[in-house]
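Before any coordinates are used in a calculation, it helps to ask where a model can be read closely and where it cannot. The questions below take up confidence, strand pairing, salt bridges, burial and surface in turn.

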Amino acid sequence: MRPRKKFVTKNNNIIDMVQFILFPALSPTMETGKIARWLVKIGDMVEPGDELMEVETDKAVMVHESIETGKIGAILVEEGGEEISVNTPIAVILDEGEVMEDVDLTTLSTLPSSNEKKQEKNELSAPVAQKPSDNNIATKRDNEKNKTKKIFITPLARAIAKQNKINIEQITGTGPLGRIIKKDIEEALANASHKPLGDASMFSANKQAESFELSKMRKTIAQRLVAAKRNIPHFYLKVSCNADKLMEAREAFNEESQVRISINDIIVKACAQSLMKVPDVNRQFNEDSIIQYKDADISIAVSVEEGLYTPIIFKAQELSLSEIAIQTKSLSEKAKLGTLLPSEYEGGSFSISNLGMFGISEFSAIINPPQASILAVGAIEKSILLDEKTEQMRIGHKMNLTLSCDHRIIDGVLGARFLNTIKSYLEEPIKLFV
C-alpha cells in the first residue's frame with residue numbers, strides 16, 4: 001500500500017489526503033472542461049493506461065487514461081458536469097485492501113479550488129505553524145462565526161441555478177458530502193417556490209418551444225465570435241473568379257492521380273502560395289507588436305453537429321495537392337468523430353471557410369482570432385462571362401471570394417493585392433501543379 005499524501009490546510013492542520021483522480025488539463029490553455037462519459041464504474045480495478053473517461057473540451061472529445069493503480073472507490077462528479085476546473089477531484093481511487101468506509105471524504109472540502117491553487121501553492125508545502133496563542137483563540141472564533149457558510153455545488157448545478165435565478169442557499173444537496181448536484185436543481189425548478197422571476201427565458205405553456213443546454217463547444221464558439229466582432233475592426237474585400245480552368249484542372253488531375261482532389265484543396269494551395277508572395281498578410285496583431293509567420297498554416301472550417309472545428313494544414317506551402325487532399329480528408333474525419341488533438345487545431349495563421357458546396361453564392365466570414373484574415377468561398381455557378389480574346393459574351397463558370405481583414409494590420413491596398421494574388425492562382429491553376 002502506498003503511503004497517503006499529507007495535505008496542509010489553510011488552518012495549518014495536517015490531514016491524510018484521499019487519493020483522488022483529478023480532472024486533467026488536456027492542453028496548455030485548458031482551464032475547464034466536461035466529463036462526457038465515464039468509462040469505468042465504482043469497483044473497477046484500473047492500471048496506468050486504462051481508459052477512465054471521455055473529456056469534452058471546447059474543441060474535441062478525448063479519452064483520458066489512468067496514471068494510477070487501484071480500485072475506483074467513488075465517483076464524485078457525474079457525467080455531463082460542465083465547467084469542471086482543472087485539478088478538481090472527480091473520483092477516489094483505493095489502494096489494495098482499502099475500502100471506502102475507511103476513507104474520510106471530509107478532506108474533499110479542504111482542497112483548494114482551481115482559482116485558489118496559485119495563491120495556496122506555498123501553503124501546500126509549508127511547515128506546520130506553531131499552535132496559536134490563547135489570546136488569539138477568541139478572535140479566531142469570532143471570525144469563524146462571521147464567515148459565510150461555504151456551499152458545495154457541482155459546476156453544472158451552479159450554472160443551471162444561475163441561469164434560472166435559483167437561490168442555492170435554499171437547496172439541500174444529495175451528492176457526496178451534501179454537495180448540490182444537477183438533480184437537486186432540477187427538483188428545485190419543479191417546485192413553484194424556486195421558479196425563475198419571470199424573465200425572457202421562461203416559455204408559456206401554449207408555446208411549442210424547448211430550452212436546450214449549450215454544449216461546451218457552442219459556448220466557446222459564442223464567446224470567441226462575440227469577442228472577434230467586438231475587438232477586431234473587420235473590413236471586407238470581394239472578387240469574382242473565372243472558374244473554368246479551375247474545374248478543368250481538377251478534372252484532369254483526378255483522371256491521372258490515385259488521390260482525388262477537391263476544389264477546396266486547390267484553394268488551400270492557392271492561399272498558401274499567396275501568403276508566401278504577400279507575407280505581410282501572414283501576421284497576427286499582438287497589442288503592442290506584430291507577429292510574422294514564416295509558414296502558411298491554413299485552418300479549414302469543418303462543420304459538425306455541435307458547431308465548427310478549424311483543423312490546420314501545417315506548412316501548406318510545402319505540400320503537394322495530393323498531400324493537402326490526404327490531410328484534409330483525415331482531419332475532417334477526425335473532426336466529425338470528435339477525436340482531433342489540440343495540436344491539430346490550435347494555432348494557424350490564416351483560415352478558409354467554404355460554403356460553396358451548400359449552394360451559397362457569397363458570404364462574409366468572421367475572423368478566427370488571433371488570426372488577421374479569413375477567406376469566404378462561394379459556390380461555382382454558371383454565368384455570362386466576357387471572353388477577353390474575342391470580346392464576345394459566353395456561358396462560363398464563376399466563383400465569388402470574400403476576404404475579411406483585420407484593419408489594425410492589413411490595409412485596403414495590402415488586402416486587395418493578396419486577394420488578387422489568390423484569384424490569379426485560381427484562374428491559372430497550372431501554376432499550382434508545377
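Q: For residues 142–148, how many contacts beyond four places in sequence does the model have?
A: The model is a predicted one, and over residues 142–148 its pLDDT stays under 50. Where pLDDT is low, the predicted coordinates should not be read in detail. For residues 142–148, the number of contacts beyond four places in sequence is zero.

Q: Over residues 112–140, where pLDDT also stays under 50, how many contacts beyond four places in sequence does the model have?
A: For the protein as a whole, the mean pLDDT is 80, and 79% of the residues reach 70 or more. Residues 112–140 stay under 50 in pLDDT, and the contacts that the model has for them beyond four places in sequence number 17.

Q: Which strands stand at the edges of the open sheet that contains β8 and β10?
A: The sheet has four strands in the order β3-β10-β8-β5, with antiparallel pairing. An edge strand has a single partner, so one side of it is left without a neighbour in the sheet, and this holds for β3 (20–22) and β5 (45–46). Within the sheet, β8 (residues 70–75) and β10 (residues 89–94) are joined by four bridges, one of which can be followed from K71 to its partner L94. The strands at the edges are β3 and β5.

Q: In β6, which residue is the bridge partner of K34?
A: Strand β4 (residues 32–38) pairs in the antiparallel sense with β9 (residues 84–85) over two bridges, and in that pairing G33 has I84 as its partner. Four bridges also join β4 to β6 (residues 51–56), again with the strands running antiparallel. In β6, the bridge partner of K34 is E56.

Q: How many residues apart in sequence are the parts tied together by the salt bridge of E54 and R37?
A: Side chains of opposite charge can pair when their charged atoms come close. The side chains of E54 and R37 meet at 2.8 Å, N to O, and R37 is partly exposed, with a relative accessible area of 40%. Because E54 lies in strand β6 and R37 in strand β4, the pair ties together parts whose separation in sequence is 17 residues.

Q: How many salt bridges does the structure hold?
A: Among them is the pair K41 and D44, whose closest N and O atoms are 3.4 Å apart, with K41 exposed at a relative accessible area of 55%. Another joins D280 and R283 at 3.0 Å, N to O, where D280 is partly exposed at 29%. The number of salt bridges in the structure is nine.

Q: Is F235 buried or exposed?
A: F235 lies in strand β11 (residues 234–242) and, beyond four places in sequence, touches L403, S404, C405, H407, I410, D411 and G412. Its C-alpha atom is 9.6 Å from that of S364, which is 129 residues away along the chain. Because the relative accessible area of F235 is 13%, under the 20% cut-off, F235 counts as buried.

Q: What is the area of the nonpolar surface patch made by I384, L386, M393 and I395?
A: Strands β19 (373–387) and β20 (392–406) each supply at least two residues of the patch. I395, found in β20, is exposed with a relative accessible area of 60%. The area of the patch is about 460 Å².

Key
Residues numbered from 1 in each chain as written. Heavy atoms only, no water. Patch = residues over 30% accessible without salt bridge, like charges linked within 9 Å, V, L, I, M, F, W, Y side chains within 5 Å. Areas by Shrake-Rupley, 256 points an atom, 1.4 Å probe, with all protein chains shown as cover. Salt bridge = Lys/Arg side-chain N within 4 Å of Asp/Glu carboxyl O. Buried < 20%, exposed > 50% of the residue type's maximum accessible area, 1.4 Å probe, protein only. Contact = heavy atoms within 4.5 Å. pLDDT = per-residue confidence, 0-100. Pairing = 2+ DSSP bridges.
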